[in-house]
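Me: Please take a close look at a single helix in this structure, and tell me which way its faces turn and what lies against them. I would also welcome a few remarks on other local features afterwards.

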Amino acid sequence: MTHAPDTGAGTDDRAGILLVDDMEDNLAALEAVLGSLGEPLVRARSGEEAMKALLRQEFAVVLLDILMPGMDGFETASNIKRLDQTKDIPIIFLTGTDSDSGFAFRGYSTGAADYLTKPFDPWVLRAKVNVFLDLHRKNRQLRRLIKQDHARMGELADRIDEIERRLADSSAPGERELSESVARMGESLRALRRGR
């Protein structure tokens, strides 16, 4: 298994592409087609190697050959979809066999996002992979925004708690109603943080 060299871009914003094929020529061809996308390309020469790579790092998409010795592409895809850590990673099946139309059905039924027959059009493959890269980046950005929102809600909840404590300590007339109102706001904010 080899990794593409780091081009100096922030690795947090770069999504790996896992290339799974037992044939060296096929891996080299995939690297030639996808290298211009500027994302790390990780090779795996078997289903077992692919599973190890998937547990070590995050990937935006997996390009998976169907016919491999040992764990074939279908079994590998089933294992990918079975694990919580990897179940949402899109899989594009690549195969040199189009004589068996059942392969496409079986590929989609194991959770594949797409299915291409070799020889494939390099422009089409690059475009499809790019869609999944964009989706991965947007999902990552959304997770960051949600995390920031939760942090902001936490700060706001802390401020409301402080106001509530100060109002509870005060004996001025009308403060009790204000304290109860602030307490309700705090409860609403805590419910938002819990997602209710």
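Reply: What follows treats one helix in detail and then turns to some features elsewhere in the chain. The model is a predicted one, and the helix chosen is α2, which spans residues 47-56. Within α2, the residues Gly47, Ala50, Met51, Ala53 and Leu54 are buried; viewed down the axis of the helix, these buried residues fall within an arc of 165°, so they line one face of α2. As a general matter, an α-helix has 3.6 residues a turn, so residues three or four places apart point the same way. The face of α2 turned away from the buried side carries Lys52 and Arg56, both of them exposed. As for what the buried residues pack against, their partners are the strands β1 (16-20), β2 (41-44) and β3 (59-65), together with helix α3 (73-82).

Elsewhere, the loop between β5 (114-117) and α5 contains Pro119, and the peptide bond leading from Lys118 into Pro119 is cis, with omega near -5°, whereas in general most peptide bonds are trans. Further along, the charged end of Arg126 sits over the ring of Trp123, at 4.7 Å from the centre of that ring, while a search of the whole structure for aromatic pairs finds one. Helix α5 (residues 122-169) also holds Leu156, which counts as partly exposed because its relative accessibility is 41%. Leu156 and Arg190, although 34 residues apart in sequence, have their C-alpha atoms 9.7 Å apart in space.

Notes:
Residues are numbered from 1 along each chain as its sequence is written. This is a predicted model: local features need pLDDT of at least 70, side-chain atom pairs count only at pLDDT 80 or more; totals for chains, interfaces and linings use all residues. Side-chain values use heavy atoms; hydrogens and water are left out. Buried means under 20% relative accessible area, exposed over 50%, partly exposed in between (1.4 Å probe, protein chains only). Helices (H or I, at least four residues) and strands (E, at least two) are DSSP runs, numbered from the N terminus. The arc is that of the directions from the helix axis to the C-beta atoms. Contact means heavy atoms within 4.5 Å. Rings of Phe, Tyr and Trp (its six-membered ring) pair if their centres lie within 6.5 Å; planes under 30 degrees apart count as stacked, over 60 as edge-to-face and the rest as tilted. A charge sits over a ring if NZ of Lys or CZ of Arg is within 6 Å of the ring centre and within 35 degrees of the ring normal.
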